[in-house]
There are 2 protein chains.
Amino acid sequence: MNYSKESLELHKKKQGKLEIQSTFPMETTDDLSIAYTPGVAEPCRVIAADKSRAWDLTIKGRSVAVITDGSAVLGLGNIGPEAGLPVMEGKAILFKHFANIDAYPICLDTQDVDEIVQAVKWIAPGFGGINLEDISAPRCFEIERRLIEELDIPVMHDDQHGTAVVVLAGLINALKVVGKKIDEVKVVVCGAGSGGMGVADLLFHAGLKHMDMIDSRGMIALGRDGMNPYKDELAAQINPDGRTGTLAQALNGADVFIGVSQPGLVDEEMARSMAAQPIIFALANPVPEIMPEVAHKAGVAVIATGRSDFPNQVNNVLAFPGIFKGVLEARIKTITPAMLVAAATALSKMVPEPTSHKILPSPFDPGVADVVAEAVKRAAVV
Amino acid sequence: MNYSKESLELHKKKQGKLEIQSTFPMETTDDLSIAYTPGVAEPCRVIAADKSRAWDLTIKGRSVAVITDGSAVLGLGNIGPEAGLPVMEGKAILFKHFANIDAYPICLDTQDVDEIVQAVKWIAPGFGGINLEDISAPRCFEIERRLIEELDIPVMHDDQHGTAVVVLAGLINALKVVGKKIDEVKVVVCGAGSGGMGVADLLFHAGLKHMDMIDSRGMIALGRDGMNPYKDELAAQINPDGRTGTLAQALNGADVFIGVSQPGLVDEEMARSMAAQPIIFALANPVPEIMPEVAHKAGVAVIATGRSDFPNQVNNVLAFPGIFKGVLEARIKTITPAMLVAAATALSKMVPEPTSHKILPSPFDPGVADVVAEAVKRAAVV
């Protein structure tokens with residue numbers, strides 16, 4: 001199927017993918033008087049007396065703003081807020097389909113960190129949560145951190161943490177398949193943008209000890225060109241000796257490669273140089289860092305990609321609907337790493353006997369969002 | 001029926017009145033690949049190359065942001081953005097029901113004019129139009145004016161112009177009933193907030209020559225206490241001699257009273273002092289400036305209110321869905337007074353033989369929004 005052609009036709013025919021519905025039929029003057037004036041004054045009064053009642057009397061309690069500035073949309077780069085809208089609409093319908101959450105796209109006409117933070121704070125009263133989407137690194141880190149500090153509703157940058165949860169879930173099962181332990185393996189993460197930094201952070205919270213992080217200039221190291229405060233912080237942790245090296249050098253002897261970078265960066269020889277029973281997550285989309293058939297030829301034990309036409313698809317939709325479902329239902333104000341690790345662990349357990357071709361559930365498996373939501377809620381009360 | 005009780009129960013049971021839907025079924029991995037990655041990249045690319053394509057490939061072309069700061073919600077006053085949400089949700093479902101427009105409530109956590117203007121400008125890329133709602137006067141006038149100047153999508157403050165269109169439609173027919181002409185009658189408008197100023201402005205565009213405007217201190221006049229630049233501008237036009245006077249004095253001999261003010265300001269004696277065959281629009285809600293039975297006793301020829309339980313309900317829902325339908329369909333950037341007069345005239349013609357008890361169509365009459373939309377579009381090409 002030609003997805004590009006089909007997608008363009010769908011968007012034209014339907015004028016996008018989202019619409020608004022009323023939760024109740026409105027057929028008579030009485031219906032109008034209940035939904036609107038004069039009846040509507042009563043829920044307004046109740047909320048005016050106690051703001052928290054907006055959670056159960058309005059859409060707020062089941063709504064998420066999907067916020068972008070259009071600066072890092074898919075693999076397309078900085079295409080602006082209007083051009084990002086189809087992706088944000090897609091996100092919104094995934095929220096609805098998989099978790100019955102009502103999400104609305106907000107595409108911002110600014111790419112300034114302070115202004116984005118301010119805009120989100122101003123529109124926050126009507127929403128129960130904030131999903132940041134396709135905002136380029138390193139701006140996304142500061143935006144997320146400040147919004148978490150300054151808002152009283154949960155904020156998550158899905159490119160970082162949604163990706164990280166699904167990668168961790170898959171990695172837990174891939175390690176089972178090859179009989180290795182997370183605190184013993186060496187992982188190479190390639191790509192120090194939002195996805196790579198989110199993955200690195202979560203893997204450490206899940207017990208990982210050994211990691212190299214590679215960006216377009218090689219291994220990250222304090223004092224190297226092309227660093228930023230976020231890379232500095234990570235480099236201080238994983239590379240205190242200031243080692244340098246290429247992706248090929250880092251992969252030599254590594255157990256796991258996680259690419260959130262560029263098509264074709266890993267060749268057969270590089271894959272062969274990894275430790276026995278290597279695991280590869282080649283998540284560049286639509287063309288992965290190494291194609292599955294090449295990886296298998298090189299003896300890779302488990303290969304995952306971002307694509308639906310290969311086994312082991314790493315798809316954020318396994319994570320974000322359930323994470324927000326959990327935090328909205330329990331009115332959790334801050335999403336913690338412990339919640340994300342719990343979500344990943346719960347996801348991994350949905351495949352009780354993982355194999356090299358099946359390390360993750362399908363988004364269409366029944367109950368995925370509920371399993372994730374329950375794990376998040378349990379982690380919140382620990 | 002106890003609308004307050006019914007409304008509160010509805011809001012509790014349904015957790016508000018709005019929800020998001022997908023415009024197409026999403027059941028398979030292929031559906032996911034079309035609606036989301038990788039297929040969605042194609043509409044993104046098309047819009048990145050030509051921003052205007054967002055109008056036909058996304059929700060933008062049929063979407064309106066319903067914006068409030070919660071400063072003047074219904075008759076409840078400054079109850080804040082969260083408490084305003086039930087009204088904004090109501091507005092959104094009216095947009096959907098009556099014009100198939102997808103509107104989303106944005107409740108702003110600021111009441112500063114500059115900040116509101118800035119917030120709306122930042123979120124504008126994803127919307128096809130801006131409906132300002134329940135923002136207190138006189139801030140609403142500057143906010144609307146600046147947004148009209150600075151945005152490339154239509155902006156309308158419904159409390160001003162939606163009200164004005166329906167009042168003008170009703171007045172055209174009421175004048176027919178009593179056999180008077182708009183350029184000959186004297187109108188007293190009571191209430192110099194958003195509704196009153198919007199009505200005053202539109203009536204002059206429709207040919208009215210004689211008006212007194214009354215606020216809580218009496219007749220507006222240059223140099224009087226409690227004026228603002230907007231009242232000054234109107235006073236310079238309608239009261240160049242600086243007359244002063246009370247509501248009762250202004251009503252003496254007037255042909256038309258239009259109240260967008262407070263319950264019970266007009267008594268039977270004041271109504272009796274008006275010219276022969278007087279017309280009263282008593283739009284304070286839920287308790288009008290004068291009750292219909294009192295007005296009739298005083299010999300009033302036509303009485304309209306804001307209520308659905310009396311004849312001649314002046315209801316904004318007759319206007320705003322069709323106005324936005326027209327401007328969105330024709331991609332009109334600015335809503336002009338000529339379009340609003342055309343909308344009112346078209347609405348009035350939906351009652352071909354008006355009587356004292358029937359000067360306006362019902363919102364549930366088929367085709368109201370289409371009639372208004374077509375009138376707006378025709379006025380745009382004149």
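This is a short walk through a predicted model, beginning where its two chains meet and then moving into the parts of each chain.

Let us start with the meeting of chain A and chain B. The contact draws on 94 residues from chain A and 94 residues from chain B. Together the two chains bury about 9,000 Å² between them, and 69% of that area is on carbon and sulfur atoms. On the chain B side, the residues that lose the most area to chain A are B:Ile20, B:Tyr36 and B:Trp122; together they make up 9% of what that side buries.

Charged and polar partners also take part in this meeting. Between chain B and chain A there are four salt bridges. If you would like one to look up, find A:Lys51 and B:Glu82, whose side chains meet in a salt bridge with 3.9 Å from N to O. The count of residue pairs in polar contact between the two chains, with both residues at pLDDT 80 or more, is 38. Several elements of chain B give two or more residues to the side that touches chain A, among them α1 (3–14), β1 (18–22), α2 (29–35) and α6 (113–123). Which element gives the largest share of that side? In chain B it is α5, with 14 residues. Sorted by kind, the residues on the side of chain B that touches chain A are 48 nonpolar, 23 polar and 23 charged.

The two chains are also linked strand to strand. Strand β1 of chain A, residues 18–22, pairs with β1(B) in the antiparallel sense over five bridges. To see where the strands line up, look for A:Ser22, which stands opposite B:Leu18 in β1(B).

From β1 we can move on to β2 of chain B, residues 63–68. Is this strand buried or exposed? Six of its six residues are buried, so the strand is largely enclosed by the rest of the structure. Its residues point in two directions: B:Ser63, B:Ala65 and B:Ile67 go one way, while B:Val64, B:Val66 and B:Thr68 go the other way, and all of them are buried. Strand β2(B) runs parallel to β3(B), and six bridges join the two. One place to find this pairing is B:Ala65, whose bridge partner in β3(B) is B:Tyr104.

Further along chain B there is an open sheet. Six strands form it, in the order β8-β7-β6-β9-β10-β11, and their pairing is mixed. At the edges are β8 (218–219) and β11 (302–305), each pairing on one side only. Beside the edge strand β8(B) is β7(B), residues 210–215, and these two pair in the antiparallel sense over two bridges. In that pairing, B:Asp215 has B:Gly218 of β8(B) as its bridge partner.

Now for some details of the backbone. In chain A, a cis peptide bond joins A:Thr37 and A:Pro38, with omega about 5°. Where is A:Pro38 found? This proline is in the loop between α2 (29–35) and α3 (41–49) of chain A. Chain B has a cis peptide bond between B:Thr37 and B:Pro38, with omega about 0°, and B:Pro38 lies in the loop between α2 and α3 of chain B.

Positive phi values turn up in residues other than glycine, too. A:Leu74 has a phi of about 50° and is found in the loop between β2 (63–68) and α5 (80–99) of chain A. The relative accessible area of A:Leu74 is 28%, so this leucine is partly exposed. In chain B, the phi of B:Asn100 is near 55°, and B:Asn100 is in the loop between α5 and β3.

Our last stop is B:Thr334, in the loop between α14 (320–329) and α15 (337–349) of chain B. Its relative accessibility is 37%, which is why B:Thr334 counts as partly exposed. Leaving aside residues up to four places away in sequence, B:Thr334 touches B:Ile148 and B:Met339. From B:Thr334 to B:Val294 the separation is 40 residues in sequence and 42 Å in space, C-alpha to C-alpha.

Terms used: Residues are numbered from 1 along each chain as its sequence is written. Chains are lettered from A and ligands numbered from 1 in the order in which they are written. This is a predicted model: local features need pLDDT of at least 70, side-chain atom pairs count only at pLDDT 80 or more; totals for chains, interfaces and linings use all residues. Side-chain values use heavy atoms; hydrogens and water are left out. Contact means heavy atoms within 4.5 Å. Buried area is the accessible area (1.4 Å probe) that two parts lose on being put together, summed over both. A polar contact is a pair of N or O atoms within 3.5 Å; within protein, one must be able to donate a hydrogen and the other to accept it, and residues adjacent in sequence count only if both atoms are side-chain atoms. Helices (H or I, at least four residues) and strands (E, at least two) are DSSP runs, numbered from the N terminus. Ala, Val, Leu, Ile, Met, Phe, Trp, Tyr, Cys and Pro count as nonpolar, Asp, Glu, Lys and Arg as charged, and the others, Gly among them, as polar. Two strands pair if DSSP finds at least two bridges between them. Buried means under 20% relative accessible area, exposed over 50%, partly exposed in between (1.4 Å probe, protein chains only).
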